[in-house]
Amino acid sequence: MNQWRSWWGLAGGFGLSCMALAMTLPTDGPPEWTDEPPRLSRWIEEGYEAQLRNEPLFAADRYCAAARFGSVEAQYRLGRLYLDRVDAQGHLEARALLALAAQRGHERAAAVVAQTGFADALPDCLLTGRAPVFDVSRPLEPPVEPAVPEEVVERYILALPLHKQRHARLIRHLAPRFEVDYRLALAIARAESNFDPHAVSPQNAQGLMQLIPDTAARFGVRNAFDPEQNVRGGLAYLRWLLERFHGDVALASAAYNAGEGAVDRHGGVPPYQETRQYVQRILHFYRSPVHARPRPM
């Protein structure tokens, strides 16, 4: 037990202020062969197998048993496991374990400590031998507002003049082929041209989806005033933007209006009044902040 008290004192010298654990760490593979006593190696292997089965409490028990008997690899793996805990105490204990392993020459532990910082809160299981107990549940993510119901959109289409209905139904027909929710595509076309295939903006954006000449050429549109060519080009561009911005409707629509470069420069929706009003129009129609990607046809 004196060994653990000395390690506690060593870790105490490393205390730093708490750092957010917003990082991407590589996944650890199965434990490699070491010259540790067979019993410790077996406990580490059992811990790894428990992690694969999504049994973090049993994994922590196995790792802690090996760490208590001096396994540096077990200290490291228990620390990595504790980084995933949902409580702040778990993060402190993780950083203390990783600091111990790093001080004893564990290279991967040192690399993680460089990102997490140090702490001095060794877990109770190392000091007492009691099985680790901690909350393994994750806080529920807030529900995502669903997109506008299809029956509402159908009523909207039926209320349009016949010539606009024809263009709206063309968009509804083509959108799934580009894995774009037709409801979002309709919101874009409504905000861009109000379904006028002859529309031209002061910036020379043209047609139903208001493609500027560079964008039209980029997506293979030869005649921007041909409704089907224009819609196909607009859908291809919208699909590209949704991929680039991970389905974020506000960012994708802001980029459609102001360009993806403007979104990148401002780190979000640009502070242009026109763009912000445009994004609000899209969100008010579509309702969901996240694109509901249809299945590919």
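Among contacts in the protein between residues at least 6 apart in sequence, what share joins residues at least 24 apart? In this predicted model, the share is 58%. The fold holds 15 helices and zero strands, and 47% of the 297 residues count as buried.

Helix 10 makes a good place to start. Of its 11 residues, 10 are buried, so this helix is mostly covered. The buried set runs through Tyr182, Arg183, Leu184, Ala185, Leu186, Ala187, Ile188 and Ala189, and also takes in Ala191 and Glu192. What do these buried residues pack against? Their partners are helix 8, helix 9, helix 12 (227-244), helix 13 (249-258) and helix 15. After helix 10 comes Asn194, which has a positive phi, near 55°.

One of those partners, helix 15, can be looked at in detail. The axes of helix 10 (residues 182-192) and helix 15 (residues 273-286) come within 9 Å and cross at roughly 140°. Angles over 145 degrees would count as roughly antiparallel, and the two helices are therefore oblique to each other. The crossing of helix 10 over helix 15 is right-handed. On the helix 10 side, the contact is made by Arg183, Leu184, Leu186, Ala187, Ile188, Arg190, Ala191 and Glu192, while helix 15 puts in Tyr278, Arg281, Ile282, Phe285 and Tyr286. Sorted by class, the residues of this contact come out as nine nonpolar, four charged and no polar.

Helix 4 and helix 6 give a second crossing to look at. Here the axes of helix 4 (residues 72-82) and helix 6 (residues 107-116) come within 9 Å, with a crossing angle of roughly 35°. Helix 4 passes helix 6 in a left-handed crossing. Glu73, Tyr76, Arg77 and Arg80 of helix 4 meet Arg108, Ala109 and Val112 of helix 6. Three nonpolar and four charged residues make up this contact, with no polar ones.

Now for the charged pairs. Side chains of opposite charge can pair when their charged atoms come close. The structure holds 17 salt bridges. One of them ties Arg183, already met in the contact with helix 15, to Asp181, with the closest N and O atoms 2.8 Å apart. Are these two residues buried or exposed? Arg183 counts as buried because its relative accessibility is 12%, under the 20% limit. Asp181 is buried too, since its relative accessible area is 4%. Elsewhere, salt bridges that share partners join Glu179, Arg239, Glu243 and Arg293 into one network.

Arg85 and Glu93 form another salt bridge, in which the closest N and O atoms are 3.1 Å apart. Both Arg85 and Glu93 are buried. The side chains of Glu154 and Arg169 also meet in a salt bridge, at 3.3 Å from N to O. This pair links distant parts of the chain, with Glu154 in helix 8 (residues 150-158) and Arg169 in helix 9 (residues 162-174), 15 residues apart. Why does Glu154 count as partly exposed? Its relative accessibility is 24%, which lies between the 20% and 50% limits. Arg169 counts as partly exposed for a like reason, because its relative accessibility is 27%.

Notes. Residues numbered from 1 in each chain as written. Predicted model: local features only at pLDDT ≥ 70, side-chain atom pairs only at ≥ 80, totals over all residues. Heavy atoms only, no water. Salt bridge = Lys/Arg side-chain N within 4 Å of Asp/Glu carboxyl O. Buried < 20%, exposed > 50% of the residue type's maximum accessible area, 1.4 Å probe, protein only. Helix = DSSP H or I, 4+ residues; strand = E, 2+ residues; numbered from the N terminus. Axes fitted to C-alpha atoms, helices over the stretch in contact; angles between N-to-C directions. Parallel < 35°, antiparallel > 145°, perpendicular 65-115°, else oblique. Left-handed = near helix turned anticlockwise from the far one by under 90°. Contact = heavy atoms within 4.5 Å. Nonpolar A, V, L, I, M, F, W, Y, C, P; charged D, E, K, R; others polar.
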